Amino acid sequence: MNYLKSYFLHETTLRTELLAGITTFLTMVYIAFVNPAILHDAGMDQGAVFTATCLVTAFACALTGIMANTPIGVAPGMALNIYFSYSVVQGMGIDWQHALAMVFISGVLFFLVTLTGVRKLLIEAIPYNLQIAILIGISLLIALISLQTNHIIVDDSHSLMRLGDIRNPEIGLFLLGFLLILVLDYYRIPGAIILGILTISAISLVLRMTTWQGLFDIPPSIKPTFLQLDFSGLTSATALKAIFTFFLIAIFDATGTLIGLLNPTVFKQKEGYSQRLSYSLTADAAASALAGLLGSASTSPYIESATGIEAGGRTGLTSLVIALGFILMLFFFPLAKMIPAYAVGPALLYVACCMMKHLTDMKLPDISETAPCMVTIMMIPFTSSIANGIGGGIILYSLLKLFTRQKISPLVIILSLIFAVFFIIS
C-alpha cells in the first residue's frame, strides 16, 4: 500500500485523481458510440466492435496508468478508424479481416520502434509543416465523411458535390447537435460531445424517429471480430502502403498528442519525464496490436485528456479510473445501439474543427514549404486517402528541396522513394 501511495499519490491526492479520471472519461466516452458506427460501415458487427472498443480502451488506459504513470486516456483513434473504414476497406476494396491484420502488424511495428531510437528518427524525418498538413488534411476528410454520410453534402453529376435537402428533419437534428456541442465546448462544460450525442438521441426518441432499445444489458459477444485477422496477400504494394500508412499515422498522432499533453511545466520539471513519454508510447503501441486481435481500429492518446489534466490529474491513477469507466460502459450497448447517425455525425464534425486549430502552427516562408503542404491537405480529402496525401506531399517536398538546392534529410528522400514505388506499382 505504501508503494502504491508513493507511486501514484506522491504529487496529488486520491480525490483529485478520481475527479480527473471521471472528467476525462466523460469527454472521450463518445468513442464507445462512434467507433462501432464507423467500423460498421466497413462491414463489421457493431455489437462486437462496441465490446472490442471498450475492452481495448480499458486495457490501453490501464497499461498507460501502470506502466507510464501518466494521466492519459488512450482509445481507438478517430483518424485511424476513418482510414480503416473509408480509405482501406471502402476506398481500396480490402475486406475488414485483412484490414485488422494490417492494424495488428502496424501495432507490432510501432511497438518495436518505441523500444529503439528509430522513433525519434522517423519523427524528425517528416518536416514539421508536413506533419501539421497531414492533421489538417485528415480533419477535412473527417468533416467530408460526416457531411456526406448525413446527406448534408450529396453527389452531383455536374459539380461533383452539392448541398443536400436541408429541410430533412435528420439534417436539422444534425445541425442542432453540432451547434449544441460547440456551445457546450465554448463554456468548457465537461462531456460536451457525449452530452450532444445523448441530447439529439433523446430528441429523436421523443419525435419517434428512433425506437427505445433499453439501457442496460450483458455485453455483446466479441466472437464476430475476435481473432478474425487475415494475413494472406499482405505482400502486395497496396497492402504494404496501407500498413505503412497505419504505422505513420499512429506514430505521428501518438507522439504529437503526448508531447502536447505532457509538455507543460508541471510535467517537464518532474524527474523521469522522457521515460514517462516513452512508456506512454509503448503502452499505446501494445494496445494498437491488441486492437487488431480484438476487432477494432488502432489506438491513440486522446487530446481530451487535457480536461483531466486541467482538473488536477497528474499520475496513472487518472488513467485507471478511465479504464474502469470503459469496463462499466460494456453494459450500455442498448444505449449505443439506438444512437442514430445524425447524432454521431456532429461529433465527427466537431473533432474536425478541433484538429483545424493546428493550422496556425504552420510556418510557410516560401513556396517550397507551402506547395507540399497544400498538396497534402488537398489530396487527403479529394482522394479519400490519407496515404495518397502523405505520399504526394513528401514526394513534392523532396523534389522542391532538391531542385532549389536546400537542405533536406536523407530519410525524407528515402520516404519519397518508398511512396513513389507504391504509387507506380499500385
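Me: What makes the backbone oxygen of Ile-394 and a polar atom of the side chain of Ser-416 a polar contact?
Reply: The two atoms lie 3.2 Å apart. A polar contact is a pair of N or O atoms within 3.5 Å; within protein, one must be able to donate a hydrogen and the other to accept it, and residues adjacent in sequence count only if both atoms are side-chain atoms. At 3.2 Å the pair is within the limit, so the term applies. The model is predicted: local features need pLDDT of at least 70, side-chain atom pairs pLDDT 80 or more, while totals for chains, interfaces and linings use all residues. Residues are numbered from 1 along each chain as its sequence is written, and side-chain values use heavy atoms, without hydrogens and water.

Me: Is Ser-416 buried or exposed, and how do you know?
Reply: Its relative accessible area is 8%. Buried means under 20%, exposed over 50%, and partly exposed in between (1.4 Å probe, protein chains only). Because 8% is under 20%, Ser-416 is buried. Ser-416 is part of helix H20, residues 410-425 (helices are DSSP runs of H or I with at least four residues, strands runs of E with at least two, numbered from the N terminus). Apart from neighbours within four places in sequence, Ser-416 is in contact (heavy atoms within 4.5 Å) with Ile-394, Ile-395 and Ser-398.

Me: How do you know that the end-to-end distance of helix H9 agrees with its number of residues?
Reply: H9 runs over residues 169-186, which is 18 residues. The expected span is 1.5 Å times one less than the number of residues. That gives 26 Å, and the end C-alpha atoms are 26 Å apart, so the two agree.

Me: Which residues of H9 are buried, and what puts them on one side?
Reply: The buried residues are Ile-171, Leu-173, Phe-174, Gly-177, Phe-178, Ile-181 and Leu-184. They cover an arc of only 160 degrees around the axis (taken from the directions from the helix axis to the C-beta atoms), so they sit on the same side of H9. Pro-169 and Tyr-186 are exposed on the other side. The buried residues of H9 pack against helices H8 (128-149), H10 (192-206) and H17 (341-356).

Me: What caps the N-terminal end of H9?
Reply: Asn-168 does, with a side-chain oxygen 2.9 Å from the backbone nitrogen of Glu-170.

Me: Why is H8 described as largely enclosed by the rest of the structure?
Reply: Of its 22 residues, 16 are buried, so the description follows. H8 reaches 32 Å from its first C-alpha to its last, close to the expected 32 Å.

Me: What is notable about the phi of Arg-188 and of Arg-405?
Reply: Most residues other than glycine have a negative phi. Arg-188 is not a glycine, yet its phi is positive, about 55 degrees. Arg-405 is not a glycine either, and its phi is about 60 degrees. Arg-188 lies in the loop between H9 and H10, and Arg-405 in the loop between helix H19 (386-403) and H20. With relative accessibility of 70%, Arg-188 counts as exposed; Arg-405, at 80%, is exposed too.

Me: How many aromatic pairs are there, and why is the pair of Phe-25 and Phe-326 called edge-to-face?
Reply: There are seven aromatic pairs. The rings of Phe-25 and Phe-326 are 5.2 Å apart centre to centre, with 80 degrees between the planes. Rings of Phe, Tyr and Trp (its six-membered ring) pair if their centres lie within 6.5 Å; planes under 30 degrees apart are stacked, over 60 edge-to-face, and the rest tilted. Since 5.2 Å is within 6.5 Å and 80 degrees is over 60, the pair is edge-to-face. Phe-25 lies in helix H2 (14-28) and Phe-326 in helix H15 (316-329), so the pair ties together parts 301 residues apart in sequence.

Me: What makes the pair of Tyr-30 and Tyr-302 tilted?
Reply: The centres are 6.3 Å apart, and 55 degrees between the planes is neither under 30 nor over 60, so the pair is tilted. Both residues are buried.

Me: Which residues touch the most other members of the largest nonpolar core?
Reply: They are Met-78, Phe-84, Met-102 and Phe-326, in a core of 124 residues. Helix H11 (237-262) gives the most to this core, with 15 residues. A nonpolar core is a set of buried Ala, Val, Leu, Ile, Met, Phe, Trp, Tyr and Cys residues joined through side-chain atoms within 4.5 Å. Phe-326 fits the buried part, with a relative accessible area of 0%. Among the residues that Phe-84 touches are Leu-39, Trp-96 and Phe-246. Ring pairs also link Tyr-83, Phe-84 and Phe-246 into a cluster.
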